[in-house]
Amino acid sequence: MSAVLQRAKTTFAIEIEGLQDMMERLDHAFEDAVELLYGCQGKVIITGMGKSGLIGRKIAATLTSTGTPSIFLHPAESIHGDMGVIGPNDTVMAISFSGETAELVPILGHVQAAGVPLIGVTGNANSALARHASVFLNIAVQKEACPLGLSPTTSSTVTLALGDALAMCLLEKRNFKSENFAVFHPGGSLGKKLTICVKDVMVTSQLPFVVDTMLMRDALEELSEKNLGILVVVDKSGRLQGVFTVGDLMRLVKQQFNFLDNKISQYMVPHPKIISRNDLAAKALHIMETHSITCLIVADSDNIPVGIIQIYHILRAGVY
């Protein structure tokens, strides 16, 4: 193994160990932090200097996009007027591995004087940050992945994962759904995945419906005429009974026996996969990929088919 690959694997191993230690160390303090953030009536203000600040910006972005309004406050800028952004209903989360970052200390006194809850994220339990904090979250690590022991690596990974864990716990407590997520992510492929519904891309006209008593010779004419590669088999009440595809036809032909004068109900595939018109197109794509199929029947609550959605309709809409 080359030295490069060895260093990469060692880095992964050290950081994984740091994450495992953090996971085992989680206790009531983490639960207290979640409750503070959940109960915040204002905004969550995250602050940190250097690498901690970069991680803090990402945590703020993740919280905001999952239902917990958050902003990042730069410690150095805060002492030149930006401290005024902290309101009486806010909660502050300060990140500093040493807990003694010079630029951060003035914020601690201001937060304490204002009576605002403070979540201290630090690896030093005896630091000023830990002492001032309403809740102290310990991000201590046994070893940084940096071979010099200088660059924040394991500690920054652990902090980032801690922020993700807080965000996901809050997401669940708020019953935050994909529809809510879509509101904050309207652009790009992610926006399409979260906003395009089955009804937006399904076929609703000239549908290849046949009754279950129809003879195969007549049903095949419908299969050829509609050119969707599938027949939707319904009973006399219009309720879905099954499907018959071009693939099913090929298998019948290979068996080399007369089937044209038999009813299609003998050869249809019963209980096909269905989806609602109001479901996301991304859900339809997931079902197709999971079951290795290329189309789904769109049915209403009474199991009456109202359309067909094919995989290329979804991909053409930019959902993938």
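Which residue in E11 stands opposite Ile-274? The answer is Ile-297, and the sheet that holds this pair is described below, after the overall form of the chain.

The model is predicted, so local features need pLDDT of at least 70 and side-chain atom pairs count only at pLDDT 80 or more, while totals for chains, interfaces and linings use all residues. Residues are numbered from 1 along each chain as its sequence is written, and side-chain values use heavy atoms, with hydrogens and water left out.

The protein chain contains 14 helices and 12 strands; these are DSSP runs numbered from the N terminus, helices being H or I of at least four residues and strands E of at least two. Its radius of gyration is 29 Å, whereas a compact globule of 320 residues would have one near 20 Å. That radius is taken over C-alpha atoms, and the globule rule is 2.2 Å times the number of residues to the power 0.38. Along the principal axes, the C-alpha atoms fill a box of roughly 85 × 55 × 30 Å.

One open sheet has five strands in the order E2-E1-E3-E4-E5, with parallel pairing; two strands pair if DSSP finds at least two bridges between them. Strand E2 (70–73) and strand E5 (135–138) are the edge strands, each pairing on one side only. Within this sheet, five bridges join strand E1 (residues 44–48) to strand E3 (residues 91–95), and Ile-46 stands opposite Met-93 in E3. Helix H2 (residues 28–38) packs on the sheet, touching E1, E3, strand E4 (118–122) and E5, and its direction makes about 125° with that of E5. Contact means heavy atoms within 4.5 Å; axes are lines fitted to C-alpha atoms, for helices over the stretch in contact, and angles run from 0 to 180 degrees between N-to-C directions.

Another open sheet consists of three strands in the order E10-E11-E12, with mixed pairing. Strand E10 (274–275) and strand E12 (305–310) stand at the edges with a single partner strand each, so one side of each has no neighbour in the sheet. E10 and strand E11 (residues 295–299) run parallel and are joined by two bridges; here Ile-274 stands opposite Ile-297. Helix H13 (residues 281–291) packs on this sheet and touches E10, E11 and E12.

E11 also gives the most to the lining of the largest pocket, with three residues. A pocket is an open set of points on a 1 Å grid over the protein atoms alone, where a 1.4 Å probe fits, with protein on both sides within 12 Å along at least five of seven lines; lining residues have an atom within 4 Å of a point. Of the 18 lining residues, the closest to the centre of the largest pocket are Ile-230, Val-243, Thr-245, Ile-293 and Cys-295.
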